[in-house]
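The following exercises concern aromatic pairs and the two sides of a helix. Each task is followed by a worked solution.

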Amino acid sequence: MSELNRKIQPSISPLKNLDLLLPTRSCFPNGARFTLLEKSVQEEVFRLDILVHGGQLRQKQSLQSRLTSKMLSEGTLTMSQQEISDSLDRYGAWMGTSSGLKTITINLFSLNRYANETLSVLEKILKEPSFPEKQ
């Protein structure tokens, strides 16, 4: 294996066969919009991103948006933080949250074969957050 010589500029060439997936944009009956990429490189895995208006520009107190996004996975009315974590781990899923200037983003990565189970956990997180006081 030859060593990389950083003193020699690499050659520049145009991109060939750039094949981008085009998204499909649509609306649910309740008016919520979504964008779908139907064919992906990883057909065994799906990614769901939920964007909620409520970022730092809408908060009434400092860190309100960030704290809210981080507390979502700390428990629901029927599940503890440990139960949420165990459920997602059991099905090979991962969930993350972040807070930006205009939105709070919830990301879910899951195996397709466990979509019903992981989406059920996500539904509880979104509809029944408990924001435990000790957390």
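**Exercise 1: The two sides of a helix**

What covers the buried residues of H2 includes S4, S5 and H3. The model is a predicted one.

Task: Determine which residues of H2 are buried and how they are arranged around the axis.

Solution.
1. Ile 84, Ser 87 and Leu 88 are buried in H2.
2. Their arc around the axis is only 95°, which puts these residues on the same side of H2.
3. This arrangement can be set against helix geometry: an α-helix has 3.6 residues a turn, so residues three or four places apart point the same way.
4. On the other side of H2, the exposed residues are Asp 89 and Arg 90.
5. Just after H2, Gly 92 has a positive phi of about 70°.

**Exercise 2: Aromatic pairs**

Task: Classify the pair of Tyr 91 and Tyr 114 by the angle between the ring planes, and state which parts the pair ties together.

Solution.
1. The structure contains three aromatic pairs.
2. For Tyr 91 and Tyr 114, the ring centres are 5.1 Å apart and the planes stand at 45°, so the pair is tilted.
3. Tyr 91 belongs to the loop between H2 and S4, and Tyr 114 to the loop between S5 and H3, so the pair ties together parts 23 residues apart in sequence.
4. Tyr 114 is partly exposed, at a relative accessible area of 26%.

Task: Repeat the analysis for Trp 94 and Phe 109.

Solution.
1. This pair is also tilted, with 5.7 Å centre to centre and 50° between the planes.
2. Trp 94 lies in S4 and Phe 109 in S5, so parts 15 residues apart in sequence are tied together.
3. Trp 94 is partly exposed at 49% relative accessibility, and Phe 109 is partly exposed at 30%.

Key: Residues numbered from 1 in each chain as written. Predicted model: local features only at pLDDT ≥ 70, side-chain atom pairs only at ≥ 80, totals over all residues. Heavy atoms only, no water. Phe/Tyr/Trp six-rings, centres within 6.5 Å; stacked < 30°, edge-to-face > 60°. Helix = DSSP H or I, 4+ residues; strand = E, 2+ residues; numbered from the N terminus. Buried < 20%, exposed > 50% of the residue type's maximum accessible area, 1.4 Å probe, protein only. Arc of directions from axis to C-beta. Contact = heavy atoms within 4.5 Å.
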